[in-house]
Amino acid sequence: MARILKGAEVVDTMNREVAAQVEQLKAAGIDPMLTILRVGEQGDDISYERAATKRAEKVGVGVKNVVLPEGVSQEALLDVVAGLNADGAVHGVLMLRPLPQHLDEGAARNALDPRKDVDGITDLSLAGVFTGADVGFAPCTAQACMEILDHFGFGLEGRRAVVVGRSLVVGKPAAMMLLGRHATVTVAHSRTADLKKACREADVLVACVGRARMLGADYLAPEQVVLDVGINVAEGGSLAGDVDFDAACAIVDAITPVPDGVGTVTTSVLVKHVVQAAQRSLS
């Protein structure tokens, strides 16, 4: 039976560490502040905003919510971003996406100061991940994968890692971060020839392809560590990962559940990045 890598255990440890750092910052006269920028009233955005707010406030990080109307103009949105960039009391900005179709999302996200880009959405932040430079922050979900591996003590040096998915949100940055830990990394996807064989060869398998239970028993092998990033609505309305969890539990060494796995850690990474941004403001 596989070991279940629950995100709550990782979050508890992160909360203790971050709360201690917040106390040190406040003693130095710095109140860490996250601004959540939302356009419109999309249910998913509101849900994530509430979760991030709750997680931040639990460790003493302040939250300011900026909500713009669905029909906001590009110019008005950019003016708001410029104001947040200039506000010394704001250490991190979370821009909820996707933005409404009439807006130029690329221009909007790249208008954000990378020093405040705590979700790793700007091109400069991503360049920092790919080059190893200390610019901005990594995307939170990709960083959450690394936090889980570190917390449960899974070493990466010399290990074979396979990332199934190539998005800039998870797949590509996760691959670069695994490389940075000296893993040998393969980036695979739905069009990879003999994907099953590629997955079975992994010591660490990161599934972020976005298809419910796509990776079944024939993609898995004993002694693997599986990080299932996918959050999909399966038949009957239940949530399912990209990996067939029941099949995996009988085969692999360890696996993150869906829900209560990688996604649970993601919001804690966001808060951790805000605190790191506040620490950097002291230098």
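His182 sits in the loop that links helix 7 (171-180) to strand 6 (184-188). In this predicted model, the backbone at His182 takes a phi near 70 degrees, which is a positive value in a residue that isn't glycine. The residue is out in the open, too: His182 has 54% relative accessibility, so it counts as exposed, the cut-off being over 50%.

Glu223 tells a similar story in another loop, the one between strand 7 (204-207) and strand 8 (225-228). Phi of Glu223 is again positive, near 70 degrees, in a residue other than glycine. With a relative accessible area of 66%, Glu223 is exposed as well.

Next come the cis peptide bonds. One runs from Arg97 to Pro98, with omega near 5 degrees. Pro98 belongs to the loop between strand 4 (92-95) and helix 4 (105-110). Another cis bond joins Val258 to Pro259, and here omega is near 0 degrees. Pro259 lies in the loop between strand 11 and helix 10.

That loop also holds Thr256, placed between strand 11 (254-255) and helix 10 (262-280). Unlike the exposed His182 and Glu223, Thr256 is buried, because its relative accessibility is 0%. Its surroundings can be listed by name. Setting aside residues up to four places away in sequence, Thr256 touches Leu5, Ile148, Val226, Leu227, Asp228, Phe245, Gly261 and Val262. Of these neighbours, Asp228 also takes part in a polar contact: the Thr256 side chain reaches the backbone nitrogen of Asp228 at 2.8 Å. Val226, Leu227 and Asp228, which Thr256 touches, fall within strand 8 (225-228), and Val262 falls within helix 10 (262-280).

What about the cysteines? A disulfide is a covalent bond between the sulfur atoms of two cysteines. The structure holds zero disulfides. For Cys145, the closest cysteine sulfur is that of Cys208, and at 7.2 Å it is too far for a bond. Looking from the other side, Cys208 has its closest cysteine sulfur in Cys145, again 7.2 Å away, so no bond forms there either. The cut-off for a disulfide is a sulfur pair within 2.5 Å. Both cysteines are tucked away from the surface: Cys145 is buried, with a relative accessible area of 2%, and Cys208 counts as buried because its relative accessibility is 14%, under the 20% limit.

Terms used: Residues numbered from 1 in each chain as written. Predicted model: local features only at pLDDT ≥ 70, side-chain atom pairs only at ≥ 80, totals over all residues. Heavy atoms only, no water. Helix = DSSP H or I, 4+ residues; strand = E, 2+ residues; numbered from the N terminus. Buried < 20%, exposed > 50% of the residue type's maximum accessible area, 1.4 Å probe, protein only. Polar contact = N/O pair within 3.5 Å; in protein donor to acceptor, adjacent residues only side chain to side chain. Contact = heavy atoms within 4.5 Å.
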